[in-house]
Structures are given as structure tokens and as C-alpha cells.
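Visitor: I'm new here, and I'd love a close look at the sheet and the packing around it. Could you walk me through that part?

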Amino acid sequence: MSRSASPVLLLLLLLVFVFFSGYVEAYKNYTVGDSLGWYDKLQKPNVNYQKWVAGKNFSLGDFLLFNTDNNHSVVQTYNFTTYKHCDYDDALDNDTYQWSSTDPSATDPVSVTVPVPLLKEGMTYFFSSDYDGWQCKHGQHFKLNVSHGQGLPPSLKDPADDAPAPVAPDSGDEGDAAPDTVVPANFNNPKEEHDNEESSGSASLLPFFLHQLDYKFSGILALLPVVFVF
């Protein structure tokens with residue numbers, strides 16, 4: 001079964017998106033489907049998401065923005081079989097991720113924007129799996145290739161990546177350390193929605209974001225005396 005994004009995690013991702021939106025030369029923000037948004041062909045007959053992908057260069061740290069409603073979901077997978085079947089029920093925790101789900105009880109659809117960062121190089125697949133894959137089978141799907149580009153920005157990396165790697169307990173050799181991973185564990189292995197510890201993975205990023213903002217704010221304060229002198 002795939003993992004689902006918590007509201008706290010989505011909020012943090014939206015903050016990261018806003019924070020880095022000015023760095024257009026390094027990271028890009030793509031609105032999926034442009035003005036048509038993220039819908040199936042039954043609702044938007046003109047959508048062609050694979051055509052939308054064509055000609056674009058996607059890199060680590062870029063964001064995809066899905067403008068849709070709560071009758072359509074956003075599922076990301078690195079598993080082509082899952083993508084081909086338009087169904088993630090049998091997907092593994094580490095290869096499929098549900099960024100948003102539908103609300104079957106909603107009689108009046110509510111518009112939502114779902115920000116999704118590109119965190120892993122290589123092929124990645126997106127689709128809406130709801131209604132037994134009906135939306136996916138009616139055009140709500142696409143695939144794209146993610147290049148390394150500038151690499152992940154600091155705010156999308158796990159703070160643990162900067163810490164020294166653990167040493168094997170029986171080796172006694174500091175050089176025999178576990179290899180680093182490029183993709184943050186927070187995103188590849190998020191908590192289940194029903195897990196009592198759901199918020200812990202998302203909340204662990206909050207001090208890092210606050211540290212980054214405090215660092216930049218301190219730099220601005222440090223420059224104020226210089227501004228007053230001149």
C-alpha cells in the first residue's frame with residue numbers, strides 16, 4: 001500500500017515552493033496542464049498531459065503544481081506496472097506515494113492546489129487512481145524523466161544528510177560508514193494517514209525550515225548597520 005501525505009507535510013512543501021519561487025534560474029515550477037488543470041477527459045476533453053510534458057526539462061528540486069478538486073487525486077509512482085494498471089493498492093511503500101486523495105462524501109467539489117517536489121532522478125509517473133482507475137484510464141496520467149540539474153536545494157534535503165554517517169558497530173573503522181542517500185527518507189517513507197505517529201515525520205522538517213529562515217533573517221539584520229552608515 002502506498003503512503004499518503006499529511007496536511008502538515010503539504011503545508012511545509014507549499015512554503016518551500018513559495019520560498020524558492022524566485023530562483024527561476026535554478027529551479028522551476030510547472031503548473032500541470034497549464035490552464036486546464038488536473039482532470040480527466042470526461043471533465044476536460046482537451047487535456048493531453050503527455051503532450052504537456054513534451055519539450056520540458058524537469059530537474060531535481062522543481063515543483064509540479066496540480067490545480068484540481070477533491071474529486072481527483074494525485075498519485076506518484078516509480079513503478080511502471082502500478083502506473084500501467086492505474087491502481088496502487090498493491091504498490092510498495094517505497095515506490096508509490098499518494099499526495100492527495102478524493103473525498104467521496106463531497107457533493108460540491110472544492111478546488112485544491114497540490115504542490116509536488118521532484119525528489120528522485122529518473123522516470124516518475126503520475127495518475128489519478130480513484131473510481132477504480134476510471135479517471136486514469138480517461139487521460140488523467142503522464143510520465144516524465146527527472147534529471148539531476150542543480151540537485152536538491154537545502155530545504156528539500158533531510159537534515160540528517162548533513163550529519164556524519166554511522167559507523168558499523170563491529171568494524172571499528174570510521175571509513176566503513178553507511179552510504180548517504182540522495183532522496184530524503186521523509187518523502188520516500190512518510191507515515192500512514194492512520195498512523196499515530198503520522199505527524200512526527202513531517203514535524204521533523206519544521207525546525208530545519210525555521211533554522212533556514214532564521215539564518216537568512218539574521219543576515220538581513222547584520223546588514224542594517226551598513227545601510228544606516230551609507
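Guide: Start at Leu65, whose bridge partner in S7 is Pro115. This is a predicted model, where local features need pLDDT of at least 70 and side-chain atom pairs pLDDT 80 or more, while totals for chains, interfaces and linings use all residues. Numbering starts from 1 along each chain as its sequence is written, and side-chain values use heavy atoms, without hydrogens or water.

Strand S4 covers residues 63-69 and runs antiparallel to S7, with seven bridges joining the two. Strands here are DSSP runs of E, at least two residues, and helices are runs of H or I, at least four; strands pair with at least two DSSP bridges. Step back and you can see an open sheet of three strands, ordered S2-S4-S7, with mixed pairing. Strand S2 (29-31) and strand S7 (111-117) are its edges, each pairing on one side only.

Now for the packing. The largest nonpolar core (buried Ala, Val, Leu, Ile, Met, Phe, Trp, Tyr and Cys joined through side-chain atoms within 4.5 Å; buried is under 20% relative accessible area) holds 26 residues. Leu64, Phe66, Phe142 and Leu144 have the most contacts inside this core. At least two core residues come from each of helix H2 (49-53), S4, strand S6 (96-100), S7 and strand S9 (141-147). Follow Phe142: beyond four places in sequence, its contacts (heavy atoms within 4.5 Å) include Leu64, Phe66, Trp38, Trp52 and Tyr83. Finally, Tyr83 belongs to a second, separate core of eight residues, which also includes Tyr88, Ala91 and Phe127.

Methods
Buried means under 20% relative accessible area, exposed over 50%, partly exposed in between (1.4 Å probe, protein chains only).
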